[in-house]
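Let's take a walk through this fold together. Have the model open and follow along as we go.

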Amino acid sequence: MLVPTRRSILKAAPALTAGGTLLGTLPARQGLAATPRGLNRLREEEATLPPITFTDAEGKAIAPSDFPQKALVINLWATWCPPCVAEMPSLDRAAAALSAEDILVLPLSSDRGGAPVVQAFYERTQVRTLRIWLDPRGTAARALGARGLPTTIIVDRQGRERARLEGDAAWDAPEFLAAIRRLAGPAQTDPTRRA
């Protein structure tokens with residue numbers, strides 16, 4: 001194992017400085033800045049959604065099938081999870097942007113303190129659009145095969161898992177919103193409704 005010394009650091013300094021300068025001169029659309037945080041980790045693969053249940057703020061059992069013809073963005077998170085906390089404002093803005101299109105964001109909190117803990121967090125961080133959904137025992141997270149928090153699963157209007165992302169992301173970025181809309185599939189049209 002190499003241990004850097006003062007001498008080796010001073011020798012490397014000009015090269016490191018030049019590298020930093022070169023990176024600073026790249027056009028904005030190149031490199032990591034070209035894509036929103038997390039988009040490269042969105043894994044698209046169609047799968048059957050396992051049967052899961054969670055609860056609303058009042059403790060009523062809910063399942064994805066309770067939202068017919070809606071696409072779902074299921075986010076598994078907790079208030080004690082720093083990456084979860086980091087992405088919550090962008091998830092809230094994404095929920096607001098997608099709500100008129102029958103795409104529902106369901107943040108399933110695994111906080112054992114339940115609704116009061118989540119409500120206090122929402123108030124403190126000014127989350128305005130997201131509702132409180134709870135998975136305090138982690139049963140939905142286990143059924144979905146989540147390896148950690150946050151994990152987000154995009155479910156199309158037919159109830160199939162279409163993509164998942166492990167870790168935090170900039171959910172309100174235009175590229176993410178476009179991906180969610182595409183993966184959700186076309187909205188159902190009501191044949192009795194006039195155009």
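A word on terms before we start: a residue is buried if its relative accessible area is under 20%, exposed if over 50%, and partly exposed in between, using a 1.4 Å probe and protein chains only. Helices (H or I, at least four residues) and strands (E, at least two) are DSSP runs, numbered from the N terminus. This is a predicted model, where local features need pLDDT of at least 70 and side-chain atom pairs count only at pLDDT 80 or more, while totals for chains, interfaces and linings use all residues. Residues are numbered from 1 along each chain as its sequence is written, and side-chain values use heavy atoms, with hydrogens and water left out.

Now the overall picture. The chain has 5 helices and 8 strands, and from the N terminus they come in the order α-β-β-β-β-α-β-α-β-α-β-β-α. Of the 195 residues, 41% are buried. If we call it a contact when heavy atoms lie within 4.5 Å, then among contacts between residues at least 6 apart in sequence, 73% join residues at least 24 apart.

The strands come together in an open sheet of 8, ordered 1-8-7-4-5-6-2-3 with mixed pairing. Strand 1 and strand 3 (61–62) are the edges, each pairing on one side only. Two strands count as paired if DSSP finds at least two bridges between them. Strand 1 (residues 43–48) runs antiparallel to strand 8 (residues 160–166) over 4 bridges, with T48 partnered by R160. On to strand 7 (residues 151–155), which is antiparallel to strand 8 through 5 bridges; here T151 sits opposite E166. These two strands, 7 and 8, make a hairpin with 4 residues between them, and G159 in the turn has a positive phi of about 85°. For the parallel sense, look at strand 4 and strand 5, joined by 7 bridges, where A71 has I103 as its bridge partner.

Next, helix 3 (residues 115–125). Its buried residues are A115, V118, F121 and Y122. They cover an arc of only 130° around the axis (taken from the directions from the helix axis to the C-beta atoms), so they lie on the same side of helix 3. That fits a general point: an α-helix has 3.6 residues a turn, so residues three or four places apart point the same way. And what do the buried residues of helix 3 pack against? Strand 4 (71–77), helix 2 (82–98), strand 5 (103–109) and strand 6 (133–134). Turn to the face pointing away from the buried side and you meet the exposed residues P116, E123 and R124. Just after helix 3 comes Q126, with a positive phi near 60°.

One of the residues in strand 5 is worth a stop: S109. Is S109 buried or exposed? Buried, with a relative accessible area of 0%. Leaving out residues up to four places away in sequence, S109 touches W77, V118, W133, L134, D135 and P136. Its side chain also makes a polar contact with that of D111 at 2.7 Å (a pair of N or O atoms within 3.5 Å; within protein, one must be able to donate a hydrogen and the other to accept it, and residues adjacent in sequence count only if both atoms are side-chain atoms).

Last stop, the cysteines. Counting a disulfide as a pair of cysteine sulfur atoms within 2.5 Å, the whole structure has 1. It joins C81 to C84, S to S 2.4 Å, and both C81 and C84 are buried. The torsion about their S-S bond is about 75°, so the disulfide is right-handed.
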